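Biologist: Could you take me on a close look at one part of this protein? I would love a connected account that starts with the cysteines and goes on from there.

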Amino acid sequence: YEQNNSTMLLKTASTTAMSIDGAGIITKPLQPAFFVRKTDSGQTVSASSDTTITFNSEIFDNNADFASNTFTAPVSGRYFFSGSVRVNDMATGDELRQISIKTSNNSFKHKLSDMQDILDAAMPIFTHTVNVFCDMDANDTAVLSVFAGQQRVIDNEADVTWFCGYLVC
């Protein structure tokens, strides 16, 4: 514990674990959190099977808990995850699509079953998103995946395909 006139610091092994400033704002720089993007060449999604999305641009990763396209929970707790995947070359009449956040214990899916009413033939691109608040144990993992009825390509434009998460409590 260290306190000066404007900030109180709680440290573990000489590293600041929590900081409370004079306005009462609390920051926890070691709190598990990550944000990654896909900016490399388009990834092909296999027809009629789940494909784990690969990420090549790490915006931040507190504690290095995200590696090889997988988040590994360092401690047990409740985590929030969010992901977005933009798929190119969609076609009206395409079969079931889904985006999933898959953890060691569960799969949280957002399904779309009828593309007829959603797609514009002039713009065959569609963005899928999914959010989840879930319970994880230490060493449980989470990945973002997509399922397409036909082979498709993930858009590699920056900011359209991403995955993030953090420990809430």
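Modeller: Happy to! Searching the whole structure, which is a predicted model, turns up 0 disulfides. Two cysteines are worth a glance all the same. C134 is buried because its relative accessibility is 5%, under the 20% cut-off. C164 has a relative accessible area of 16%, so C164 is buried by that cut-off too.

From C134, let us move along the chain to M136, the residue I would look at most closely. M136 belongs to strand β14, which covers residues 126–136. Is M136 buried or exposed? Its relative accessible area is 1%, so M136 counts as buried.

What surrounds M136 in space? If we set aside the neighbours within four places in sequence, the residues in contact with M136 are A73, V75, S76, G77, Y79, F81, T141 and A142. Take A73 from that list: 63 residues separate A73 from M136 in sequence, yet their C-alpha atoms are 7.0 Å apart in space.

That pair leads us to the contacts of the whole protein. Counting contacts between residues at least 6 apart in sequence, 69% join residues that are at least 24 apart. As for the secondary structure behind this, the protein has 17 strands and 0 helices. Of its 169 residues, 39% are buried. The accessible surface comes to about 8700 Å², and carbon and sulfur atoms account for 48% of that surface.

For a contrast with M136, turn to two alanines in loops. A13 sits in the loop that links β2 (7–12) to β3 (15–21). A64 is found in the loop between β8 (57–62) and β9 (66–67). Are these two alanines buried or exposed? A13 has a relative accessible area of 77%, so A13 is exposed. A64 is exposed as well, because its relative accessibility of 62% is over the 50% cut-off.

Their backbone deserves a look too. Most residues other than glycine have a negative phi. A13, however, has a positive phi, near 50°. Phi of A64 is also positive, near 55°, and A64 is again a residue other than glycine.

To draw the tour together: M136 in strand β14 is buried at 1% relative accessible area and touches residues including Y79 and F81. A13, by contrast, is exposed and lies in a loop between two strands, β2 and β3.

Methods: Residues numbered from 1 in each chain as written. Predicted model: local features only at pLDDT ≥ 70, side-chain atom pairs only at ≥ 80, totals over all residues. Heavy atoms only, no water. Disulfide = S-S within 2.5 Å. Buried < 20%, exposed > 50% of the residue type's maximum accessible area, 1.4 Å probe, protein only. Helix = DSSP H or I, 4+ residues; strand = E, 2+ residues; numbered from the N terminus. Contact = heavy atoms within 4.5 Å. Areas by Shrake-Rupley, 256 points an atom, 1.4 Å probe, with all protein chains shown as cover.
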